[in-house]
Amino acid sequence: MSTANTSESPPFYVSIEHDYLALTNEVVLAHGANIGRFWIYGQDALDLLNRISTQQLSDLKQNEVSLTVQTTNKGRIVDLLTVANLDDRLLVFTALEAKDRVMDLIEFFSFDDDVKLEDCTAETELYQLIGYQAPTKIASFLTDESNVPDINRAKQISINNEPIVIVRTGLTKIPVYQILALNSGKAIHSKITGSGVPFVGTKALEIFRIENGVPAFGSELSERFNPIEAGLSNAISFDKGCYVGQEVVARLNTYDKVKRQLIRLSWNKPGIQKGDIIFFEEQEIGEVTSCIKKTKEVYIGLGYLGRNLKLNDVKIGLKRVSAKVLKV
Amino acid sequence: MTTTKRKSRPPLTITISEGAAEHVREFASKAGRPTADLRVAVKGGGCSGLTYVLDLVEGPEEDDKTIEQLGVKLHVPKKSYVFLAGTMLDYSSGLNGKGFVFNNPNAKTTCGCGTSFGV
């Protein structure tokens, strides 16, 4: 098993508040230390991924990027994948913790297929450029604006003869670019460190993720949940035909059988943890899957709640802390 | 010391029914390839994870296992064989639809339309 060579980020640089303001108002850089990545080579790569995940990928064109969910045959989530078609190969991003399982499953489902997987997590360097000013900033890195990819597109370029892949995904309203240096990454590293863009710590990133309702592997994304309740309908094609888990996902959708929904939560007292039960009038109605302290007296989280419950106020945990329910 | 006699089990192979063999010959003949063999394989995909693949072929590929029964040569890729061992290939012409049917003891789940299975 390979390990990421990307640097671990600290919880914050200047302060959580400072990091958060730079992230939400300007532009920041983050190390992609928790993102696993691998290549899939071969003529059948796209067809195989199309057969074993939720999105219509068979017509993904060169330099197009798509989200897809790898599901079990029971329609449960293995992980959310970002797939970029680079023509001669596919680039796949997954959670670092999920990467080995994702790759093992693809290998398992590959029989006579012309497919070869290659883990590139350890050999590549990944940075994320995040913020409203990210499009302008990345254009200044790349000197030529035509090198900046649009939403759900990828570009392969060279900086000082070093190959780089830039992927722009559309999971949040704030622009996010994944910058993958294929070799040493020295050229892009010197551009980045010389740009004046500050790095962001893990705490502000987690606040940003939770506020934007982005589900994460190990919290909202696991084999306990299906992709519809995780709010990943934009990564599912409901008319593409069979894929692993399709029968269950289609049934949930067609017969309106989805029982839970992903929600955001906000409360004002400490002591709430991931896994705490959400109550309404002493009845268990859901659970907290992520939580973090945003400011001195504001805590935010994500959780799953019974789908047809239209509630604004709930209680959480043994202490029955009052919390507000917000839509994702 | 006591010894227990273990019941001998037939070797796990892939068998083909008379009806299925007849239809293989018929399809081969209609395709203008009367001497063609049948390649039986598995590929990833389908609601339950694995789907069956049948192809008329002129001979085995490298690493294929070949079984000859009722005048039909079945070529099975090595990796697929693990999931097909013990399968009886039959042909159904009943009211529920015509076609080849895989009676696969390894299939723990099958999808509604019966074209894919899970192990």
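The paragraphs below lead through a predicted model, beginning with a sheet in chain A and ending with the pockets and a cavity.

A good place to start is an open sheet of five strands in chain A, whose order is S3-S4-S5-S2-S6 and whose pairing is antiparallel. Strand S3 (65-71) and strand S6 (116-119) of chain A stand at its edges, and because each of them has a single partner strand, one side of each is left without a neighbour in the sheet. On average, and with direction ignored, neighbouring strands of this sheet are turned by 30° against each other.

One of the pairings can be followed in detail, since strand S2 (residues 35-41) of chain A runs antiparallel to S6(A) and is joined to it by four bridges. Within this pairing, Phe38(A) has Asp119(A) of S6(A) as its bridge partner. Helix H2 (residues 45-52) of chain A packs on the sheet, where it touches S2, S3, strand S4 (77-85) and strand S5 (89-95) of chain A, and the direction of H2 makes about 35° with that of S5(A). Another helix of chain A, H3 (residues 99-109), lies across S2, S3, S4, S5 and S6 of that chain and runs at about 20° to S2(A).

Chain A also contains a pairing between S1(A) and strand S7 (residues 125-130), which is antiparallel and extends over four bridges. In this pairing, His31(A) stands opposite Tyr127(A) in S7(A). In a regular strand, side chains alternate between the two faces of the sheet. For strand S1 (residues 28-31) of chain A, both faces are covered, with Val28(A) and Ala30(A) buried on one side and Leu29(A) and His31(A) buried on the other.

From the strands and helices we can turn to the open spaces. The largest pocket has a volume of about 1300 Å³. It is lined by 41 residues, of which Asn34(A), Ile35(A), Gln128(A), Arg209(A) and Ala216(A) are the closest to its centre. Two or more residues of this lining come from each of S1, S4, S5, S7, strand S10 (176-181), helix H6 (202-211) and strand S13 (283-295) of chain A. Among the contributing elements, H6(A) gives the most, with six residues. When the lining of the largest pocket is divided by class, 20 residues are nonpolar, 14 are polar and seven are charged.

The second largest pocket holds about 290 Å³ of space. Of the 14 residues in its lining, the closest to its centre are Phe100(B), Val101(B), Phe102(B), Gly114(B) and Thr115(B). Strand S7 (97-103) and strand S9 (116-118) of chain B are the elements that give two or more residues to the lining of this pocket, and S7(B) gives the most, with five. By class, the lining of the second largest pocket divides into seven nonpolar residues, six polar residues and one charged residue.

A search of the whole structure also finds one cavity of 30 Å³ or more, and the volume of this largest cavity is about 30 Å³. The residues that line it are Ile236(A), Ser237(A), Phe238(A), Tyr243(A), Gln246(A), Val249(A) and Ala250(A). Five residues of this lining are nonpolar and two are polar, while none is charged.

Notes:
Residues are numbered from 1 along each chain as its sequence is written. Chains are lettered from A and ligands numbered from 1 in the order in which they are written. This is a predicted model: local features need pLDDT of at least 70, side-chain atom pairs count only at pLDDT 80 or more; totals for chains, interfaces and linings use all residues. Side-chain values use heavy atoms; hydrogens and water are left out. On a 1 Å grid over the protein atoms alone, a cavity is a set of points where a 1.4 Å probe fits but cannot get out, and a pocket is an open set with protein on both sides within 12 Å along at least five of seven lines; lining residues have an atom within 4 Å of a point. Grid points are joined across faces, edges and corners, and a volume is the space filled by probe spheres set on the points. Ala, Val, Leu, Ile, Met, Phe, Trp, Tyr, Cys and Pro count as nonpolar, Asp, Glu, Lys and Arg as charged, and the others, Gly among them, as polar. Two strands pair if DSSP finds at least two bridges between them. Axes are lines fitted to C-alpha atoms, for helices over the stretch in contact, and angles run from 0 to 180 degrees between N-to-C directions. Contact means heavy atoms within 4.5 Å. Buried means under 20% relative accessible area, exposed over 50%, partly exposed in between (1.4 Å probe, protein chains only).
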